[in-house]
Amino acid sequence: MRRIAKEFRAEMRAGLAGKKSSLKMLPAYIGAPTGDERGRCVALDLGGTNFRIALVDLKGGGRLGSKKTRAYAIPKKHVTGSGTSFFDYIARCLKCFMEEEGISQEDIRLGFTFSFPLQQTGIASGVLVKWTKAFRVSGVEGRDVVKMLQGALARQRMGVIKVSAIINDTIGAFAALRYRDARCDVGVIIGTGTNGCYFAQDAHGGRLINIEWGNYDKLPTTIYDKAVDRASNNRGEQTLEKMVSGMYLGQIVEMMVNDLVNNSLLFITPNNKRSYVRRFTSELISYIEEDTTKQLRNVGRVLDDLGVSNHSAKDRVILKYVCRTVSRRSARILVSVLSGVITTIDENLSRDHAVAIDGSLYEKHPAFSDNIRKGLKELFGSKASRIKIILTKDGSSEGAAVVAAITPS
Ligand code: GLC
């Protein structure tokens, strides 16, 4: 972990200096919220499994009033279809939401969380560098996504609405927590994908950087990581993400399990018929690791559902062990890069740092937060208590509202 942290810091420096680096280090063009942001804002939140829209009422003084959220499934045809139909779908969802909530076009302040690498030139403009995760919408890479959304809004007769700000989800988590806690200087997402951002105070006030750490490529990998990469739609990219985030952990377990099966070390039947597992997900990892029953009932249930009929008590123990190994490695890689980030801001941990963390894996996995805590303790000893890891649920959308409220409309 120490070595990863050190090498990661060097990679961050290279990225900032414009040298060759797997870290994009993208500036966010906003300052840190003060907590005094006020007003009703609408947030669009795009980048995970669902597309979400939220109406957030900011009261100032770090307080939130009422909040309404709706999730919209993104039909598969849009995830791999054309940019125009994709943004038209987003605009139509917004139209429905506004009608349902009775929001008029004239008084809407709109923040847009777009959880992909964006090269920004200002607070309300950003060119998509590259799709990540499962997204493959054509004709969007290399283009300004705010312009594309504005185009769709115009087509849906909502041209009056102007996007006030576009941000990454890590920036959203950061802004949501910073709104109520001035110690917050790092935002982390660990869900479908993984990424981090940080705020570094400097002579000009400070700068907020979206690291895009999912693409970090200096980690030692296993044959299973290489197999996951080969099976992906973005080979050679997002190496760290493929070892850490929810979209891939299930696949790693699957590759390991099937390898054990191939070597006749798991699910051995009297007639030597091999049972392979398919479509193993990170939700199953959480479910299996939650299982504290002596008979490992959850594990048995999962195997039954996966069609493995002949599992022994030993098989169940092994499967749980594989899950634990994979999720623990994920947490420890996360700790390593996170500590690289924090020591970049504050080398000797001379003050408190609050880390806003959001994402389904962190929220739902039974041991993830514990593993992070333990890892930080190993690295920093008693000083680890200076690092507060704070679950910032819905941070990515709340943060977009906060940022929209900072921005003069
Ligand atoms: C992917 C995206 C990144 C995002 C992360 C978490 O890594 O490239 O922008 O922050 O997923 O959603």
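Which residues of strand 10 are buried on one side, and which on the other? Load the predicted model and find out.

**Stop 1: strand 10**

Select residues 194-200, which make up strand 10. Color by burial: 7 of its 7 residues are buried. On one side sit Thr-194, Gly-196, Tyr-198 and Ala-200. On the other sit Asn-195, Cys-197 and Phe-199. Both faces are covered.

Now add strand 9, residues 184-190. Strand 9 and strand 10 run antiparallel, joined by 5 bridges. A hairpin of 3 residues makes the connection between them. For a landmark, pick Ile-189, which stands opposite Asn-195 of strand 10.

Next, add strand 11, residues 207-210. Strand 11 is antiparallel to strand 10 too, with 4 bridges between them. Here the landmark is Tyr-198, with Ile-209 of strand 11 opposite. The hairpin from strand 10 to strand 11 has 6 residues between the strands. Stop at Gly-205 in that hairpin: its phi is positive, near 110°.

**Stop 2: the open sheet**

Move to the sheet with strand order 4-3-2-5-8. These 5 strands form an open sheet with mixed pairing. Strand 4 and strand 8 (163-167) are the edges, each pairing on one side only. On average, neighbouring strands here are turned by 20° against each other, direction ignored.

Select strand 5, residues 110-114, together with strand 8. The two run parallel and share 4 bridges. Leu-110 has Val-163 of strand 8 as its bridge partner.

**Stop 3: Gly-61**

Go to the loop between strand 3 (50-60) and strand 4 (63-73), and select Gly-61. Is Gly-61 buried or exposed? With a relative accessibility of 55%, Gly-61 counts as exposed. Show its contacts beyond four places in sequence: Gly-35, Asp-36 and Arg-38. Then draw a C-alpha to C-alpha distance from Gly-61 to Tyr-179. The two are 118 residues apart in sequence, yet 8.3 Å apart in space.

**Stop 4: two positive phi values**

Most residues other than glycine have a negative phi. The next two selections have positive values.

First, select Lys-133, in the loop between strand 7 (125-128) and helix 4 (145-155). Its phi is near 55°. Check the surface as well: Lys-133 counts as buried because its relative accessible area is 7%, below the 20% cut-off.

Second, select Phe-267, in the loop between helix 8 (246-262) and helix 9. What is the phi of Phe-267? The value is about 50°, positive although the residue is not a glycine. Phe-267 is buried too, at 2% relative accessible area.

**Stop 5: helix 9 against helix 10**

Two packed helices are described by the angle between their axes and the distance between the axes. Select helix 9 (residues 282-289) and helix 10 (residues 297-305). Their axes come within 7 Å and cross at roughly 145°. Show side chains at the contact. Helix 9 supplies Leu-284, Tyr-287 and Ile-288. Helix 10 supplies Asn-298, Val-299, Arg-301 and Val-302. By class, that makes 5 nonpolar, 1 polar and 1 charged residues.

Keep helix 10 selected and highlight its buried residues: Asn-298, Val-299, Gly-300, Val-302 and Leu-303. This buried set packs against helix 9 and also against helix 11. Step past the end of helix 10 to Gly-307, where phi is positive, near 85°.

**Stop 6: Lys-320**

Finish on helix 11, residues 313-345, and select Lys-320. Which side chain of opposite charge is nearest to Lys-320? That is Asp-291, 5.9 Å away. Lys-320 is buried and has no salt bridge; such a bridge would need a side-chain nitrogen within 4 Å of a carboxyl oxygen.

Now show its contacts, skipping neighbours within four places in sequence. Lys-320 is in contact with Ile-288, Glu-289, Asp-291 and Leu-296. Ile-288 should already be on screen, since Stop 5 showed it in the contact of helix 9 with helix 10.

Terms used. Residues numbered from 1 in each chain as written. Predicted model: local features only at pLDDT ≥ 70, side-chain atom pairs only at ≥ 80, totals over all residues. Heavy atoms only, no water. Axes fitted to C-alpha atoms, helices over the stretch in contact; angles between N-to-C directions. Contact = heavy atoms within 4.5 Å. Nonpolar A, V, L, I, M, F, W, Y, C, P; charged D, E, K, R; others polar. Buried < 20%, exposed > 50% of the residue type's maximum accessible area, 1.4 Å probe, protein only. Lys, Arg positive; Asp, Glu negative; His and termini not counted. Pairing = 2+ DSSP bridges.
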